[in-house]
Amino acid sequence: MSTEQEPTTPQDELSQALPPEQPEGDDHAAALDELQDRWRRALADLDNLRKRHAKEMDAVRNEERARTAAAWLPVVDNLDLALTHAGADPSAVVEGVKAVRDQAVDVLRRLGHPRYEETGVPFDPAVHEVVGTVDDPDTQPNTVVQVVRPGYGEGSRQLRPAAVMVSKRRE
């Protein structure tokens, strides 16, 4: 005698879950009521799952917003500090503002959106936005010769493309 169970199919499980068919009308009504009850319970379970998932997604979203905002707090603190020294030596204020800008760029990098502003690279419409052309005989056509506004991000996580000037084709 073997103790192994034969694999069951969903049809087998369904036929085991359903009461055996009987010619009695009351039995059919009872079986129908049982199936409708199971269906309603499954719908209620699905609705509860949707609500729980929505609540969890809100919590994750709020957590990520708080993490991002916390990453920017040192930048805001340093801007406040720079404003308190606005009447000081102008060159010191400029150096302070540059340091705060570098700190902000670092925050963006740590959040997964590095800054890019390379020149001398071929124009790539996925990461560059042309704002003008320049006639530059020393560079290949469609080469980035000047970055007007840097871009941030990589690949599918791009916040914005770099606004660039490119060399135009020679005719």
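Glu129 stands opposite Ala163 in strand 5. This pairing belongs to a predicted model, in which local features need pLDDT of at least 70 and side-chain atom pairs count only at pLDDT 80 or more, while totals for chains, interfaces and linings use all residues. Residues are numbered from 1 along each chain as its sequence is written, and side-chain values use heavy atoms, with hydrogens and water left out.

## Overall arrangement

The protein contains three helices and five strands. Helices (H or I, at least four residues) and strands (E, at least two) are DSSP runs, numbered from the N terminus. Along the sequence, these elements follow the pattern α-α-α-β-β-β-β-β.

Of the 171 residues, 15% count as buried. Buried means under 20% relative accessible area, exposed means over 50%, and partly exposed lies in between, for a 1.4 Å probe and protein chains only. The protein exposes about 13300 Å², of which carbon and sulfur atoms supply 54%; accessible areas come from the Shrake-Rupley method with a 1.4 Å probe, and for residues only the protein chains shown count as cover.

Contact means heavy atoms within 4.5 Å. Among contacts with a separation of 6 or more, 59% are between residues 24 or more positions apart.

## The sheet

An open sheet of three strands has the order 2-5-3, with mixed pairing. Strand 2 (128-134) and strand 3 (144-149) stand at the edges with a single partner strand each, so one side of each is left without a neighbour in the sheet. On average, neighbouring strands of this sheet are turned by 30° against each other, direction ignored. For such angles, axes are lines fitted to C-alpha atoms, for helices over the stretch in contact, and angles run from 0 to 180 degrees between N-to-C directions.

Two strands pair if DSSP finds at least two bridges between them. Strand 2 and strand 5 pair in the parallel sense over six bridges, whereas strand 3 and strand 5 pair in the antiparallel sense over four bridges. In the latter pair, Val144 stands opposite Val166 in strand 5, and Arg149 has Ala163 of strand 5 as its bridge partner.

Strand 5 is mostly covered, as six of its six residues are buried. Both of its faces are covered: Ala162, Val164 and Val166 are buried on one side, and Ala163, Met165 and Ser167 are buried on the other.

## Selected residues

The table lists the accessibility of four residues.

| Residue | Relative accessible area | Class and citation |
|---|---|---|
| Ser167 | 1% | buried |
| His128 | 7% | buried |
| Asn142 | 30% | partly exposed |
| Val76 | 41% | partly exposed |

Ser167 is found in strand 5 (residues 162-167). A polar atom of the side chain of Ser167 lies 2.4 Å from the backbone oxygen of Gln140. A polar contact is a pair of N or O atoms within 3.5 Å; within protein, one must be able to donate a hydrogen and the other to accept it, and residues adjacent in sequence count only if both atoms are side-chain atoms. Leaving aside neighbours within four places in sequence, Ser167 is in contact with residues including Val134, Gln140, Asn142 and Val145.

Asn142 itself is found in the loop between strand 2 and strand 3. Although Asn142 is not a glycine, it has a positive phi of about 60°.

His128 is found in strand 2. Not counting residues up to four places away in sequence, His128 touches several residues, among them Phe123, Val144, Ala162 and Val164.

## Nonpolar cores

A nonpolar core is a set of buried Ala, Val, Leu, Ile, Met, Phe, Trp, Tyr and Cys residues joined through side-chain atoms within 4.5 Å. The largest one has six residues in all: Ala71, Val75, Val100, Ala104, Val107 and Leu111. Helix 2 (25-84) and helix 3 (90-110) are the elements that give two or more residues to this core, and helix 3 supplies the largest share, three residues. Apart from this core lies another, of five residues, among them Tyr116, Val144, Val164 and Val166.

Ala71 touches Val107 and Arg110, not counting residues up to four places away in sequence. Val76 is found in helix 2. The C-alpha atoms of Val76 and Ala104 are separated by 9.2 Å, and the two residues are 28 residues apart along the chain.
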